[in-house]
Amino acid sequence: MADIKLRIDDLILDHDNPRITHAEGQQEALQKVVKEQKSKLVKLAQSIAEHGLNPMDRLLVLRLNRKPEKFISLEGNRRVAVFKLLTNPAVMSGLEMPEPMRKLLEREAKKFSKSMVEPVSCFELASRQEGDYWLRLRHQGEQGGAGIVDWRPRAKQRFRTRSPAVQALDMVTERGGLTESQREKIEESFPLSTLQRFVEDRKVRQTLGLDVKAGKLVTKLPASEIIKPLRRIVLDLATKERRVGSLMKTDQMLEYIGTFDTKDTPDLSKAKGAERTVDEIPISEFRRATSRTRRKPDPSDRKEVVPKNCPVNVTDNRIAEIYKELRTLKLVDAGNAIAVLLRVFLEMSVDHFLEKNGRTLKFTAPGGQQRFKPLDKKLAEVVAMLVDIGVPEERFAEVTRSLSVKTSPMYIDLFHRYVHDRFATPSPTELKAAWNNAQPLFEAIWS
């Protein structure tokens with residue numbers, strides 16, 4: 001279809017919008033939106049009345065075959081509801097809403113002018129089905145990157161202000177020679193306010209060889225010296241090796257830095273020349289600094305889903321072929337194939353164990369029909385059998401717990417989605433976690 005420009009009066013609410021149950025008319029649809037959104041609708045009205053519509057968004061609309069011609073808003077129902085309230089505040093007299101909410105909306109209506117938003121930028125669809133894909137991308141999460149990917153905490157911090165603490169953190173994560181798992185820990189949750197105390201405290205800065213000028217983190221030290229203490233501090237905070245509460249005061253921070261050995265302590269005698277911001281230090285200088293120290297391999301940095309030297313010994317020929325592929329395929333190149341193979345390897349291993357021990361893969365359903373057991377039931381049966389023969393139950397705690405935890409990579413429905421849902425894209429981290437949780441089970445099955 002095509003881009004179109006519409007007037008507010010051309011737009012109507014969707015009676016079957018997923019936010020609400022079916023509505024019989026416009027008034028009922030508006031009432032349901034008001035009830036479902038409450039104060040969020042007021043916030044949206046305040047934003048539109050003050051700033052207009054977000055130029056990054058447009059409405060998805062469906063033309064009605066009646067006159068005067070109207071367009072159903074399939075995407076943008078909240079905005080259309082606000083239009084109705086701001087352009088015709090009298091409509092609120094027939095709606096149930098808290099009195100404070102009514103007063104706030106009436107106040108915004110006095111400020112609002114149609115010219116702030118008209119013509120409304122829209123995209124006309126030929127059918128509801130045509131819009132389903134785009135609505136799913138908009139409202140059902142990241143979907144492996146195809147949908148809207150929210151900023152991580154550090155990205156939000158950079159957007160608000162790239163403070164000296166953020167500058168220090170970026171330097172460590174980008175130029176400190178960290179492993180993938182170390183960077184992930186920092187991205188997941190990092191106490192930036194604690195690092196901020198280090199770079200804001202004058203005495204602590206002097207000990208680290210740093211200063212702050214015009215909002216920029218500066219130093220006279222070479223990369224090899226400035227990176228050492230900051231890397232140690234960042235990793236200790238990220239991994240919770242050091243409690244935030246023990247680093248609240250100047251003397252506590254100085255005492256902590258005093259425990260560093262030579263590999264983490266900057267040599268202040270190497271400070272020379274003019275000060276430069278940490279951003280001005282060439283990346284090549286950091287590479288030389290970090291390449292001098294060889295780090296021990298981090299097992300979580302593996303490139304395949306199965307760790308090297310994994311003690312699983314598969315004896316069935318067909319399943320062994322699948323296991324061989326799992327051991328050789330690279331996570332960055334074949335994530336989708338690995339997800340499907342992992343699902344197949346799990347079920348085939350479970351089936352092999354049950355049949356080897358005289359158990360059937362079917363059950364009698366009501367009505368006498370023979371049906372195959374679902375994977376979660378078979379998996380629970382295998383775990384119970386292994387515990388009965390003396391395998392410690394705690395070995396299977398993670399895989400058992402994962403069966404019912406929706407956010408776990410081992411959640412059964414998530415494996416089904418990897419196979420059948422074209423919007424479910426597994427990440428290397430999820431796949432490695434799935435194998436880690438299941439490996440004790442595989443070891444017991446194939447022992």
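This section describes a helix pair, a small set of paired strands and one loop residue in a predicted model.

Helix α15 (residues 335-356) and helix α16 (residues 375-388) have axes that come within 10 Å and cross at roughly 50 degrees. At this angle α15 is oblique to α16, and the crossing is left-handed. On the α15 side, the contact is made by R343, L346, E347, V350, D351, F353 and L354. The residues contributed by α16 are L375, K378, L379, E381, V382, M385 and L386. By class, the residues of this contact comprise 9 nonpolar and 5 charged, with no polar ones.

An open sheet is formed by 3 strands in the order β6-β7-β8, with antiparallel pairing. The edges are occupied by β6 (211-213) and β8 (276-277). Each of these has a single partner strand, so one side of each is left without a neighbour in the sheet. Strand β6 is joined to β7 (residues 216-219) by 3 bridges, and the two run antiparallel. Within this pairing, V212 has L217 of β7 as its bridge partner.

Residue L178 lies in the loop between α7 (164-175) and α8 (180-188). Its relative accessibility is 6%, and because buried means under 20%, L178 counts as buried. Beyond its neighbours within four places in sequence, L178 is in contact with V172, T173, R183, I186, R231 and L235. One of these, L235, is 57 residues from L178 along the chain, and the C-alpha atoms of the two are separated by 9.2 Å.

Note on methods. Residues numbered from 1 in each chain as written. Predicted model: local features only at pLDDT ≥ 70, side-chain atom pairs only at ≥ 80, totals over all residues. Heavy atoms only, no water. Helix = DSSP H or I, 4+ residues; strand = E, 2+ residues; numbered from the N terminus. Buried < 20%, exposed > 50% of the residue type's maximum accessible area, 1.4 Å probe, protein only. Contact = heavy atoms within 4.5 Å. Axes fitted to C-alpha atoms, helices over the stretch in contact; angles between N-to-C directions. Parallel < 35°, antiparallel > 145°, perpendicular 65-115°, else oblique. Left-handed = near helix turned anticlockwise from the far one by under 90°. Nonpolar A, V, L, I, M, F, W, Y, C, P; charged D, E, K, R; others polar. Pairing = 2+ DSSP bridges.
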